[in-house]
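This report looks at how two chains meet and at the enclosed spaces in the structure. Please have the sequence and the model open while reading.

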Protein chains: 2
Amino acid sequence: MEFQLDHAKEILGRTPATLNSLLEHLPQEWLLSNEGPDSWSPFDVVGHLIHAEETDWIPRARIILEYGEKRAFEPFDRFAMFEKSRGKAMGDLLAMFERRRGESLQELEEMNITPEMLEKQGRHPDLGVVTLIQLLSTWVVHDLSHVGQIVRVMAKQYGETVGAWEAYLPVLRR
Amino acid sequence: MEFQLDHAKEILGRTPATLNSLLEHLPQEWLLSNEGPDSWSPFDVVGHLIHAEETDWIPRARIILEYGEKRAFEPFDRFAMFEKSRGKAMGDLLAMFERRRGESLQELEEMNITPEMLEKQGRHPDLGVVTLIQLLSTWVVHDLSHVGQIVRVMAKQYGETVGAWEAYLPVLRR
């Protein structure tokens, strides 16, 4: 499918509601269980999404539009949320994500992105030359991917209690 | 994690809102795109969830409670939705799923399931002896699994437009 900015905004705008319906007021053990050592719980994932909102998507879009390929993005810290989320409640994180996402979409709106701007190039510190269209597409896929991670992590908590049905549930083996 | 009936109800009760926030009023091409031949679109998945609501979960729970192992469940038709959903709009299916799920949870409530009842055994036509606890656990995992499928199918629509970021997005290779 071709990238369409209005579609991207539409999908990005829905993620806070999706996370709220999945996680708000859910019993704590569902929020904090993960897939084993070095894996993330739903709580960790939401913290990660907040950190991406604060340091990744819009900041990188600005760098592309202001500096092009001349200035590489700051590397993204995939583990920052372990410190940043400490002591917070899930409800705090969900509200924070909703606020940050609203701000991001507002800033995106104010950038008045044209088709020409979408083709502008920037420089990823590891991946090399990328475009604004690729950054915005990645933002969408990243959201969907982490919603998928949350439901997979949750599904695995009942991986044993499904008994023989495990054979029909490939999600439990991912 | 051990199965808890109140947790299962809590998660099952959230799925209609999750699907609505992901899919309601989304542009048609996102609703109808799939992962290639013989794969399902988000539209197909919601139809499948409705069919499961009508013929799988509660009907099978009733068979377990009324007949135990003596009567095998009816086989579940994994493709019934292709016919049943024909000509319907996504909004119709989402509203139908929300209604059916509400009815299912109401019926589950009225079963007044005790810990002893959860251990009752039934017979799956292919998998053999199963328990009510396994059926209800599977219902939860099945919901989460299909939410995961929907977001994966959506993510793949931008699989090309993410460019080099594809390397960081394993969801695109599942």
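## Charge pairs and polar contacts

A salt bridge is here a side-chain nitrogen of Lys or Arg within 4 Å of a carboxyl oxygen of Asp or Glu. By that rule, 0 salt bridges are found across the interface of chain B and chain A. Between the two chains, 16 residue pairs are in polar contact, both residues being at pLDDT 80 or more; a polar contact is a pair of N or O atoms within 3.5 Å, where, within protein, one must be able to donate a hydrogen and the other to accept it, and residues adjacent in sequence count only if both atoms are side-chain atoms.

The model is predicted, with local features needing pLDDT of at least 70 and side-chain atom pairs counting only at pLDDT 80 or more, while totals for chains, interfaces and linings use all residues. Residues are numbered from 1 along each chain as its sequence is written, chains are lettered from A in the order in which they are written, and side-chain values use heavy atoms, with hydrogens and water left out.

## The interface seen from chain B

Chain B and chain A each bring 57 residues to the contact, which means heavy atoms within 4.5 Å. Together they bury about 4,900 Å², 69% of it on carbon and sulfur atoms, buried area being the accessible area (1.4 Å probe) that two parts lose on being put together, summed over both. In chain B, the residues that lose the most area to chain A are B:Met1, B:Tyr158 and B:Trp165, together 18% of what that side buries.

On the chain B side, the elements that give two or more residues are helix H1 (5-23), helix H2 (28-32), strand S2 (128-131) and helix H8 (132-157), and H8(B) gives the most, with 17 residues. Helices (H or I, at least four residues) and strands (E, at least two) are DSSP runs, numbered from the N terminus.

## Enclosed spaces

The whole structure holds 2 cavities of 30 Å³ or more. On a 1 Å grid over the protein atoms alone, a cavity is a set of points where a 1.4 Å probe fits but cannot get out, and lining residues have an atom within 4 Å of a point; grid points are joined across faces, edges and corners, and a volume is the space filled by probe spheres set on the points.

The largest cavity has about 70 Å³ of space, and its lining includes A:Met154, B:Arg14 and B:Asp143, with H1(B) giving the most, 4 residues. The second largest has about 50 Å³; A:Arg14, A:Asp143 and B:Met154 are among its lining residues, and H1(A) gives the most, again with 4 residues.

Methods: 1 Å grid on protein atoms, 1.4 Å probe; cavity = no way out; pocket = protein on both sides within 12 Å on 5 of 7 lines; lining within 4 Å.
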